[in-house]
Amino acid sequence: MSHDAPQAPAGPTKLVIRNIGLMLSGDMDKPILDADTIVAENGKITAIGRAKDIDMEGATTLVDANGTTVTPGLIDSHVHPVAGEWTPRQNQIGWIDSFLHGGVTTMISAGEVHMPGRPKDIVGVKAMAIFAQRAFDNLRPGGVKVHAGAPVIEQGMTEEDFKEMATAGVRWLGEVGLGSVKDGPTARKMVAWARKYGMNSTIHTGGPSIPGSGLIDADVVLEADTDIVGHINGGHTALPDGQIRCICEGCKRGLELVHNGNERAALYTLRLAREMKELNRVILGTDAPAGSGVQPLGILRMVSLL
Ligand SMILES: [Zn+2]
């Protein structure tokens with residue numbers, strides 16, 4: 001069944017993928033590799049290059065790529081998982097496995113905010129974050145690594161709460177602004193506590209989305225100072241261009257473009273990043289599952305759009 005973790009094969013393996021048309025490296029400075037063949041032995045890549053230079057002897061699996069493109073596994077930097085392969089947002093099963101078919105091998109939770117009856121009290125917020133971290137640490141749906149356990153900050157949280165969660169293994173903050181903290185000063189204080197204990201953070205940039213969320217404008221984004229400016233192109237309603245420019249120029253944090261945001265605002269942000277020679281700040285996500293659905297090929301669509 002799709003929710004079972006893949007079993008490792010018994011005995012040594014040697015996978016050879018040949019006849020690759022285009023090999024992408026994932027490195028912005030050298031995006032295309034001079035290679036048409038990959039060898040992986042016992043699950044680890046041991047050679048990348050031209051077929052004539054590579055030892056293909058003893059292959060246990062030989063794959064002909066038929067001239068297609070091979071890339072490193074794609075990362076979806078903005079998902080909202082809840083429980084394994086099930087999402088209550090669309091009452092759908094198998095959504096993570098579907099994303100794997102769109103090239104995504106790693107996902108980062110921006111908060112398990114679609115949990116039915118999501119607790120808002122502080123003990124409940126912490127418990128749910130630790131539960132989600134544990135559950136997805138124990139399970140890779142279809143082989144996809146899901147970094148989950150991303151609490152949404154609420155009024156009244158203390159430094160001790162962040163220390164406790166970090167000690168328990170929580171590494172991410174969900175979108176600032178989807179809970180009761182929507183003001184810059186409180187967000188800034190809590191984001192700094194999270195950072196102090198090794199947790200990464202993101203923020204809901206733009207107009208409101210799910211019930212309980214609100215407008216987060218450029219002033220709040222810049223003051224909160226999260227590691228990632230979550231969906232700077234809106235989730236789904238984008239800020240005006242002037243505010244997007246203000247954020248891009250006003251900080252050095254990651255600029256996240258999402259599939260479920262505004263496409264024009266995504267292109268505008270990309271243009272600004274290119275003008276500033278800071279394309280390395282741009283990361284991609286889908287913001288799925290969402291009211292607008294589940295998009296298994298969302299990251300590939302973003303790549304082709306941009
Ligand atoms: Zn959002």
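Reader: Which residue in β11 is the bridge partner of Asp76?

Author: In this predicted model, the residue of β11 that forms a bridge with Asp76 is Met107. That pairing belongs to a set of four bridges between β8 and β11, the latter covering residues 104-109, and the two strands run parallel.

Reader: And what is the order of the strands in that sheet?

Author: The sheet is open and has three strands in the order β8-β11-β12, with parallel pairing. Its edge strands are β8, residues 74-79, and β12, residues 145-147, each of which pairs on one side only. On average, neighbouring strands of this sheet are turned by 20 degrees against each other, if direction is ignored.

Reader: What holds strands together in a sheet, generally speaking?

Author: Strands of a sheet pair through backbone hydrogen bonds, and the pairing can be either parallel or antiparallel.

Reader: Zooming out, which domains does the assignment give for the chain?

Author: The domain assignment gives domain 1, residues 14-70, and domain 2, residues 74-305. Taken over C-alpha atoms, the centres of domain 1 and domain 2 are separated by 33 Å.

Reader: Now the metal: which residues are the protein donors of the zinc ion?

Author: The zinc ion has Glu175, through OE, His204, through ND1, and His231, through NE2, as its protein donors, and they lie 1.8 to 2.2 Å from the ion. Along the sequence, the donor residues follow the spacing E-x28-H-x26-H. The two histidines link distant parts of the chain, 27 residues apart: His204 is in the loop between β14 (200-203) and α5 (218-224), while His231 is in the loop between β15 (228-229) and α6 (241-250).

Reader: Are those two, His204 and His231, buried or exposed?

Author: Both His204 and His231 are buried.

Reader: You mentioned β14, so what does Thr202 touch there?

Author: Thr202 lies in strand β14, and, leaving aside residues up to four places away in sequence, Thr202 touches Ala110, Leu173, Gly174, Glu175, Val176, Thr226, Ile228 and Gly230. Glu175, in that list of contacts, is also one of the zinc donors. Thr202 counts as buried because its relative accessibility is 8%, and buried means under 20%.

Reader: What about β15, how many bridges join it to β16?

Author: Two bridges join β15 to β16, and these strands run parallel. Within this pair of strands, Val229 stands opposite Leu255 of β16.

Reader: Why is β16 said to be largely enclosed by the rest of the structure?

Author: Five of the five residues of β16 are buried, and therefore the strand is largely enclosed by the rest of the structure. Gly254, Glu256 and Val258 point one way from β16, whereas Leu255 and Leu257 point the other way, and all are buried.

Reader: Moving to the last stretch, which residues of helix α8 are buried?

Author: In α8, which spans residues 298-305, Gly298, Ile299 and Met302 are buried. They lie on the same side of α8 because they cover an arc of only 100 degrees around its axis. The cover over the buried residues of α8 includes β8, β11, β16 (254-258) and β17 (282-285).

Reader: Where is Arg245, and what does it touch?

Author: Arg245 is in helix α6, and, residues up to four places away in sequence not being counted, Arg245 touches Tyr268, Leu272 and Glu275. With a relative accessibility of 30%, Arg245 counts as partly exposed.

Reader: Different topic: where is the peptide bond cis?

Author: The bond from Gly235 to His236 is cis, with omega near 10 degrees, and His236 is found in the loop between β15 and α6. The bond from Ala288 to Pro289 is also cis, with omega near -15 degrees, and Pro289 lies in the loop between β17 and α8.

Reader: And what is phi like at Asn19 and Asn42?

Author: Asn19 is not a glycine, yet its phi is positive at about 60 degrees, and Asn42 likewise has a positive phi, near 50 degrees. For context, most residues other than glycine have a negative phi. Asn19 sits in the loop between β1 (14-18) and β2 (22-24) and is partly exposed, with a relative accessible area of 39%. Asn42 sits in the loop between β4 (37-41) and β5 (44-49) and is exposed, with a relative accessible area of 52%.

Notes. Residues are numbered from 1 along each chain as its sequence is written. This is a predicted model: local features need pLDDT of at least 70, side-chain atom pairs count only at pLDDT 80 or more; totals for chains, interfaces and linings use all residues. Side-chain values use heavy atoms; hydrogens and water are left out. Two strands pair if DSSP finds at least two bridges between them. Axes are lines fitted to C-alpha atoms, for helices over the stretch in contact, and angles run from 0 to 180 degrees between N-to-C directions. Domain bounds come from an automatic or database domain assignment. Donors are N, O and S atoms within 2.8 Å of the metal (3.2 Å for Na, K and Ca); water is not among the atoms, so sites may look incomplete. Buried means under 20% relative accessible area, exposed over 50%, partly exposed in between (1.4 Å probe, protein chains only). The arc is that of the directions from the helix axis to the C-beta atoms. Contact means heavy atoms within 4.5 Å.
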